[in-house]
Amino acid sequence: MSNPPVVTALLLVRVVVGVTMMMHGYNHWRGGGKIAGTARWFSGLGLRYGLIQAWMSVLTELGAGFMLVIGLLTPLACAAVISVMLIAGLLAHRKNGFFVFKDGYEYVLLLGVVSVLLATIGPGRISVDDAADISVTGWAGGGIALGVAVVAVAGLLATCYRPAPKPAASAADSAADATPAG
């Protein structure tokens, strides 16, 4: 693809998504509550190994972001972004609805879909993939990114997701529920 506006647009999208992911990873590592706070947050979401989850998230976000910026193994970098966004969307944002200003899933949905788009279209001519003649685009690139992400998320949830049980209803609540409305 040698169309200059398309080449420039793909570079811009890759760099913006990549830097966003790196900043997100850096914030999980060094921002606010640092790695310990991120670990507590992951544990609060129902993930069993908060500290391991925090470090894996940091490494995934930093690594995938860097790979996107340079355009290296783009479908796999996109798969990493999609998987992080799926976990965030499912565990942290879904219950809050769509809008990001209500802590909804708008932001993670956008980053995930843009990553599917990048994996499908490819990184463009200004990329390591292009220089190394690595071309996995189209349905194959998008399918790899989405498939790897879904399998990774399913594996993570199956092995690590253990939400706290809901508190048992009190005897008074049970009696009120059992009384017919009349």
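Let's start where two helices touch: Thr74, Pro75, Cys78, Val81, Ile82, Met85, Ala88, Gly89 and His93 in H4 meet Val108, Leu111, Gly112, Ser115, Val116, Leu118 and Ala119 in H5. Sorted by class, this contact of H4 with H5 has 11 nonpolar, 5 polar and no charged residues. Please keep in mind as you look around that this is a predicted model.

**How H4 and H5 are arranged**

Helix H4 covers residues 74-93 and helix H5 covers residues 106-121. Their axes come within 8 Å and cross at roughly 160°. Angles over 145 degrees count as roughly antiparallel, and H4 and H5 are therefore roughly antiparallel to each other. The crossing of H4 and H5 is left-handed.

**From H5 on to H7**

H5 also has a crossing with helix H7, which spans residues 138-160. The axes of H5 and H7 come within 6 Å and cross at roughly 140°. H5 and H7 are therefore oblique to each other, and H5 passes H7 in a right-handed crossing. On the H5 side the contact is made by Val116, Ala119 and Thr120, and on the H7 side by Gly138, Gly141, Gly142, Ala145 and Leu146. The residues of this contact divide into 4 nonpolar, 4 polar and no charged.

Val116 and Ala119 are worth finding in the structure: these H5 residues take part in the contact with H4 and in the contact with H7.

**Aromatic rings**

Now for the ring pairs. A pair of aromatic rings is described by the distance of the centres and the angle of the planes. A search of the whole structure finds 6 aromatic pairs, and the table shows two examples.

| Ring pair | Centre distance | Plane angle | Arrangement |
|---|---|---|---|
| Tryptophan 41 and phenylalanine 42 | 5.2 Å | 55° | tilted |
| Phenylalanine 98 and phenylalanine 99 | 5.2 Å | 80° | edge-to-face |

Is phenylalanine 42 buried or exposed? Phenylalanine 42 has 7% relative accessibility, so this residue counts as buried. Its ring partner, tryptophan 41, is at 39% relative accessibility and therefore counts as partly exposed.

In the other pair, phenylalanine 98 is partly exposed, with a relative accessible area of 34%. Phenylalanine 99 counts as partly exposed too, at 41% relative accessibility.

Which residues do ring pairs link into a cluster? They are Phe98, Phe99, Phe101 and Tyr105. The edge-to-face pair of phenylalanine 98 and phenylalanine 99 thus belongs to a wider group of rings that also includes Phe101 and Tyr105.

Technical notes:
Residues numbered from 1 in each chain as written. Predicted model: local features only at pLDDT ≥ 70, side-chain atom pairs only at ≥ 80, totals over all residues. Heavy atoms only, no water. Axes fitted to C-alpha atoms, helices over the stretch in contact; angles between N-to-C directions. Helix = DSSP H or I, 4+ residues; strand = E, 2+ residues; numbered from the N terminus. Parallel < 35°, antiparallel > 145°, perpendicular 65-115°, else oblique. Left-handed = near helix turned anticlockwise from the far one by under 90°. Contact = heavy atoms within 4.5 Å. Nonpolar A, V, L, I, M, F, W, Y, C, P; charged D, E, K, R; others polar. Phe/Tyr/Trp six-rings, centres within 6.5 Å; stacked < 30°, edge-to-face > 60°. Buried < 20%, exposed > 50% of the residue type's maximum accessible area, 1.4 Å probe, protein only.
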